[in-house]
Amino acid sequence: MGVKAAVAAGAVGIAAGLVARTLVRERRDSEGDGRHPEGWKAVTVLGDADAFTDGGYPAPLERLRDALEVRIDPAPGDKGFEVHARVREGAQIDDDDPEQALRTALRDAKQLFETGEILLARPRPHGHRSVSLLGAVVDKAEDKAKGEGVL
Amino acid sequence: MKALCWTGVNELAVEDVDDPSILNAQDIIVRVRLTTTCGSDLHLLGGYVPTMRAGDVLGHEFTGEVVETGSAVTKHHVGDRVVVCSFISCGKCWYCKNELYSLCDNGNPNAGIPEMLWGQAPGGCYGYSHALGGWAGSHAEFIRVPYADQGAFTVPEGVSDERALFASDAAPTGWMGADLGGVKPGDTVAVWGAGGVGQMAARGALLLGAERVIVIDRYQERLTQVDEVIGAETLNYETSEVLAELRELTGGRGPDVCIEAVGMEAHSDRVDFGYDQIKQQLRLQTDRPTAVREAIFAARKGGNVFVLGVFGGFVDKFPLGAVMNKGLTLRSAQQHGHRYIPMLLERMSRDEVVTEHLATHIMPLEEAPTGYEMFKEKTDGCVRAVFRP
């Protein structure tokens, strides 16, 4: 990749990302991490809420159960139910970043409940991965993608 | 296996890569028989979609033969000839149950990336950047298809590979523009872009009962296809003043439905194209909305505008005032192909939808870099370069 082209492509991403970030990560006064009031994160799940809790939560969420407060509410209309969760104050989670662990657990628990499996993306076929700054940024973004975002 | 990889901005190479394997019980592996370029690939190629990684396998529109099935797959068997929707959707979440398949909650394992760009994540798409899941694309000998009972469709006997291929993306995308654009019997519809998607939008509009359909482009060979194969009228914007022509053709009203099938690298001979080009190259805006603007100005009062072209970020000088004061309905989406593909395959089997003329250049996968060059530069009348791995 030419240096100019690489820089230009990167600039597009950075510019778009910065603008988007200001839109979707507006900080508010709260007791949580600034994105959700009091640290709660939530996913909406299609299906029967009783089945979601029957015998424990789906495994990805159950694994963190002792460290979490979990609240399940019906979603409006035909949208199923809402699973709200936050890390208990002072709770210990082995993962490096408890907030990322919680986002990952919520996404995986929803997916496992709705589809019966956690979709694996890797390993996948690919050609030569040349070493570059932008490549490293994309790799890192993908590694953390499930634990990041606005969830 | 061999695969076409994106290796950098405007750089492609055919490389030896690992074969895909079944990773989830709902997967199948497909041996690719035909796989086509798409105009939206050019945005990846040109570096306009920043979450590409050197070595990514391109391609999202393909047909092939099932060679392996996961343990939970019930609909497909080894040997089935299938066409696969370019978007990956679980079929079980609220969005899929409401036929908004490209918005699937579960098809994109990298949801955190698009959430930071757009606030919410769409589903995944083969060969279309790490923002849409990082899925390996179809320009390869084999491809893994997740949620196969949802996303793969058996091709009816009598429908050729060359026709079925475009049921993967171009045909359902175009049909969606006409359907969700609200085309009704008696409508006049204008379509910007005479590529594969624009032609299919025009055909969809005609089959939904539109009285007149006018397709706008500058490449005469594409407009000739529209005239001879699709059965719609044409306007060449290099020789016609589009807004004036559309007013004349509609008795001063403007089209009832305007469908934009161009995307973020639109071209025009108007002054605003130069403005958009400069701003995009200076990265002061990510996308050029030139055709969208024209569609908005052209639409009749109270009309509908549907944006089919792919956009990634932010645009400038968006005529929101025209949208508001003319009472327009503006709608857009990546394709919800699963809701249309079975119907389109049926129509293909009855010759109501024909697509093989789009495949103007069919070549071996090894020649794919040349095929993309032809497709990008529109040389030799190239509408779509199609690869046979």
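In the predicted model, six strands of chain B form an open sheet with parallel pairing, arranged in the order β13-β12-β11-β14-β15-β16. The edges of this sheet are occupied by β13 (233-236) and β16 (329-332) of chain B, each of which has a single partner strand, so that one side of each is left without a neighbour in the sheet. Direction ignored, neighbouring strands of the sheet are turned by 20 degrees against each other on average. Within the sheet, β14(B) and β15(B) run parallel and are joined by four bridges, and E260(B) has V307(B) in β15(B) as its bridge partner.

Two helices of chain B were found to pack on this sheet. Helix α8 (residues 220-230) of chain B touches β12 (212-217) and β13 of chain B, and its direction makes about 165 degrees with that of β13(B). Helix α9 (residues 242-249) of chain B touches β11 (188-192), β12 and β13 of chain B, with a direction at about 170 degrees to that of β12(B).

Helix α6 (residues 170-180) of chain B is largely enclosed by the rest of the structure, because nine of its eleven residues are buried. These buried residues are A170(B), A171(B), P172(B), T173(B), G174(B), W175(B), M176(B), G177(B) and A178(B). The elements against which they pack include two strands, β14 (257-260) and β15 (304-307) of chain B, which are also members of the six-stranded sheet; the remaining packing partners are β5 (61-69), α7 (196-207) and α13 (341-349) of chain B. Just after α6(B), G182(B) adopts a positive phi of about 80 degrees.

Considered as a whole, chain B contains 14 helices and 18 strands, and buried residues account for 61% of its 389 residues. Of the contacts in chain B with a separation of 6 or more, 73% are between residues 24 or more positions apart. The C-alpha trace of chain B spans about 60 × 45 × 45 Å along its principal axes, and its radius of gyration of 20 Å agrees with the value near 21 Å that a compact globule of 389 residues would have.

With respect to the partner chain, 52 residues of chain B are in contact with 50 residues of chain A. On the side of chain B that touches chain A, two or more residues are given by each of β1 (2-8), β2 (11-16), β4 (56-57), α2 (94-97) and α3 (112-118) of chain B, and the largest share, six residues, comes from α3(B). By class, this side of chain B comprises 25 nonpolar, 17 polar and ten charged residues.

Methods. Residues are numbered from 1 along each chain as its sequence is written. Chains are lettered from A and ligands numbered from 1 in the order in which they are written. This is a predicted model: local features need pLDDT of at least 70, side-chain atom pairs count only at pLDDT 80 or more; totals for chains, interfaces and linings use all residues. A residue is buried if 20 or more other C-beta atoms lie within 10 Å of its own, exposed if 12 or fewer, and partly exposed in between; C-beta atoms are placed from the backbone. Two residues are in contact if their C-beta atoms, placed from the backbone, lie within 7 Å. Ala, Val, Leu, Ile, Met, Phe, Trp, Tyr, Cys and Pro count as nonpolar, Asp, Glu, Lys and Arg as charged, and the others, Gly among them, as polar. Two strands pair if DSSP finds at least two bridges between them. Axes are lines fitted to C-alpha atoms, for helices over the stretch in contact, and angles run from 0 to 180 degrees between N-to-C directions. The radius of gyration is taken over C-alpha atoms; the globule rule is 2.2 Å times the number of residues to the power 0.38.
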